[in-house]
Each structure stands twice: as C-alpha cells, then as structure tokens.
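Hi,

Here is the structure I said I would pass on. Have a look at it first, and then read on for what turned up.

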Amino acid sequence: MIVQRVVLNSRPGKNGNPVAENFRMEEVCLPDNINEGQVQVRTLYLSVDPYMRCRMNEDTGTDYITPWQLSQVVDGGGIGIIEESKHTNLTKGDFVTSFYWPWQTKVILDGNNLEKVDPQLVNGHLSYFLGAIGMPGLTSLIGIQEKGHITAGSKKTMVVSGAAGACGSVAGQIGHLLGCSRVVGICGTHEKCVLLTSELGFDAAINYKKENVAEQLRESCPAGVDVYFDNVGGNISDTVISQMNENSHIILCGQISQYNKDVPYPPPLSPAIEAIQKERNITRERFLVLNYKDKFEPGILQLSQWFKEGKLKIKETVINGLENMGAAFQSMMTGGNIGKQIVCISEEISL
C-alpha cells in the first residue's frame with residue numbers, strides 16, 4: 001500500500017527561523033502484513049508544538065527529546081484509529097494516541113507504545129486529546145498545581161504570556177478555577193485579546209505588539225503579580241518579573257521567543273532581572289511535565305470534567321492535509337494560531 005509521509009528536508013540552523021520548506025512530502029510503501037504485537041493505524045490528527053523547534057537542530061540541547069533526522073519521517077503527538085491489530089489489548093476501531101506518531105497517512109506501530117483513548121472524555125472531539133485534554137492541558141494544570149502555589153480564596157493575581165496559545169489559553173482558565181482572583185493575559189493581536197476577555201474569562205488582556213506592556217501591567221495588576229505562567233521568555237518576561245511581588249512564583253512552561261536562538265534552556269535572566277528575582281525571592285524552577293506521569297490520569301479526568309461542565313473552554317486552529325504540516329508549523333511558531341494548532345489528516349472515523 002502506498003502512503004504519504006513528511007520528512008525533514010533541511011534544518012533552519014540553530015539561530016534560523018523555521019519555514020515550511022524545511023519539510024517535504026514523499027510516498028512510501030507500507031508492508032502488506034503486520035507482525036505480532038503491531039497495529040496498522042490511520043492517522044486522524046497531528047499536533048505541531050513549539051518544543052519541536054529544538055528537534056529541528058542536530059542537537060536538541062536536552063536529554064529527553066531526540067532530534068529529527070534529515071530525510072527521515074518526522075514524528076510528534078498524534079491520534080488515529082486502528083484498522084488492523086495483532087496486539088492482544090487493541091482491536092480494530094479503537095482510537096489510540098502517541099507522543100511519537102509519525103507524520104504519515106497510515107502507519108504500522110508497536111501496540112505497546114500506544115495509549116487507548118475514550119472519545120467520551122472529549123465528547124467526540126478527538127483532536128482535544130492533543131490539546132486541552134492532552135499534553136498541553138496537563139502541562140498547564142500540573143505546572144500551576146506544582147509550581148504556582150495557588151490556594152482557593154488567596155486573592156492572587158496571575159499573568160500568562162503567550163496567553164492565546166495551546167497552554168496559555170488553558171492556563172488562564174485553570175488559574176481562575178484553582179482560586180486566582182485576577183488573571184491577565186499577554187498576546188500579540190487585538191483579536192486574541194478580545195477572545196481572552198470575552199470568551200475565556202481573563203480579567204484583562206495586553207497586546208504586546210501595540211501597547212506598552214509595563215504600563216498596562218501596572219494598570220491591570222494594581223496589587224502586583226503573584227504567579228507568572230511563562231510561555232515566552234525574553235523582554236516580555238523581564239517586564240513581568242520586574243512587577244512581581246515578594247515570594248511570588250514563575251511557572252516555566254516555555255520560552256518560544258528564544259527557540260530560534262542558540263541559548264541554553266531555560267535561558268538565563270539578565271543580571272538586572274536576576275537581581276530582582278533574588279531580592280524578592282521569586283521562584284523560577286525548570287518544570288518538566290514528563291516528571292509527573294503519576295498525575296496524568298487524574299489530570300486528564302479533571303480537565304475532561306471541567307470541559308463537560310462548561311468551565312473549560314477549548315480553542316483550536318485546524319489546518320487540513322498532511323501536505324500542510326510545514327505551513328502549520330511555521331504559522332504556529334509565528335503566532336498564527338489561536339489555541340492549539342492541529343492538522344487534520346483524515347476526518348473519516350468510521351471503518
């Protein structure tokens with residue numbers, strides 16, 4: 001059987017901006033037979049995420065993420081339906097997901113590396129397992145629980161950068177649900193600002209491309225900032241940190257403004273900002289969601305419950321077609337998405 005796949009065509013360079021042309025489509029032949037323990041799956045949805053930028057480098061700079069190889073199939077978060085199974089716990093028609101799903105229309109995988117998902121948890125919106133009720137949602141929830149130190153009724157103010165993205169759009173809502181009295185988002189367009197305040201429950205939103213962030217923060221956070229959910233790093237984070245209170249907390253989710261630069265993760269703060277951090281005893285610890293696997297199952301159930309109760313609103317930007325993976329990745333890295341960036345490969349969920 002001939003199937004289509006996406007391979008890494010070229011690397012952008014450690015200090016370069018990724019473009020759609022870094023990826024290319026090709027056809028490959030899928031074996032006719034599968035072995036014991038394997039399944040053949042049809043890909044339904046694939047995820048593009050900021051962390052993938054470091055996988056485009058020869059060296060990812062981390063020990064837990066491997067680089068993509070030139071002319072080899074690219075992989076990432078994916079979800080699909082089983083068409084044939086020789087695995088004891090998986091049957092035809094099951095929906096499965098993996099963090100290392102090949103960017104391919106159909107694929108043969110080891111069933112032990114797949115996780116079965118229940119469509120009822122997402123009311124049938126299977127792509128949500130790649131976003132708010134998947135790894136980005138867990139990153140937001142567990143990050144706030146473990147590093148935010150928020151308690152109900154504590155009247156804390158939380159600021160979220162990259163607030164209209166996959167993690168940020170969920171994190172702001174979770175901040176309110178766990179007890180923050182005020183949540184302020186920072187993002188890059190007027191449309192995103194309106195969405196945050198009108199639909200997602202943010203108390204205020206700041207457009208960093210058009211407004212003076214320091215001034216707007218002082219106005220939006222009169223009592224200072226107690227918790228900062230940081231998705232971006234760079235100048236925006238320096239501005240937020242300078243307005244943080246004593247004994248406050250930074251949740252280091254991502255540093256997208258630094259991903260096209262050859263700097264360590266997390267990037268060091270400038271001496272002036274580091275002095276503020278130490279003087280005010282602001283915690284800024286690296287957070288890696290993969291260290292909290294024991295919290296994944298209860299976390300997914302909590303996110304699903306909030307979603308079903310209407311307390312968690314889910315936003316996603318969907319592009320159709322495997323041929324558009326590169327374009328979707330480039331768009332996501334430059335803020336073209338609202339909520340989770342998803343690529344729909346096949347919508348046909350019946351066999």
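Start with leucine 252: its bridge partner in E13 is arginine 286. Keep in mind as you look around that this is a predicted model. That pair belongs to the parallel pairing of E13 with strand E12 (residues 244-252), which runs over four bridges.

Now zoom out a little. E12 and E13 are part of an open sheet of six strands, ordered E10-E9-E8-E11-E12-E13, with parallel pairing. Why do E10 and E13 each have one side without a neighbour in the sheet? Strand E10 (204-207) and strand E13 (283-286) are the edge strands, each with a single partner, so one side of each is left free of a neighbour there. Going from one strand to the next, the twist averages 20°.

Two helices are worth finding against this sheet. Helix H1 (residues 135-147) packs on it and touches strand E8 (157-161), strand E11 (225-230), E12 and E13. The direction of H1 makes about 145° with that of E12. Helix H5 (residues 234-241) lies across E8, strand E9 (182-187), E11 and E12, and runs at about 165° to E11.

On to the inside. The largest nonpolar core has 53 residues, and Ile133 and Phe229 touch the most other members. Helix H7 (residues 296-308) gives the most to this core, with five residues. Both domain 1 (2-130 + 315-344) and domain 2 (135-290) supply at least three residues each. What does isoleucine 133 contact, apart from neighbours within four places in sequence? The list is Leu121, Val122, Tyr128, Ile300, Leu303, Ser304, Phe307 and Ile314. There is also a second, separate core of 27 residues, with Val74, Ile82, Leu90 and Met325 among them.

Last stop: residues 5-117, which an unreviewed UniProt entry annotates as "domain: Oxidoreductase N-terminal". This stretch is 0% helix and 42% strand, and its end C-alpha atoms are 24 Å apart.

Strand E3 (residues 38-47) is a good one to follow here. Nine of its ten residues are buried, and E3 has several antiparallel pairings:

- With strand E4 (residues 75-85), E3 shares seven bridges; valine 39 has serine 85 in E4 as its bridge partner.
- With strand E6 (residues 106-110), E3 shares five bridges; valine 41 stands opposite valine 107 in E6.
- With strand E15 (residues 340-344), E3 shares three bridges; tyrosine 45 is partnered by cysteine 344 in E15.

Happy browsing!

Technical notes:
Residues numbered from 1 in each chain as written. Predicted model: local features only at pLDDT ≥ 70, side-chain atom pairs only at ≥ 80, totals over all residues. Heavy atoms only, no water. Pairing = 2+ DSSP bridges. Axes fitted to C-alpha atoms, helices over the stretch in contact; angles between N-to-C directions. Contact = heavy atoms within 4.5 Å. Core = buried A, V, L, I, M, F, W, Y, C linked by side-chain atoms within 4.5 Å. Buried < 20%, exposed > 50% of the residue type's maximum accessible area, 1.4 Å probe, protein only. Domains from an automatic or database assignment. UniProt positions renumbered as here; feature names shortened; annotations may be inferred.
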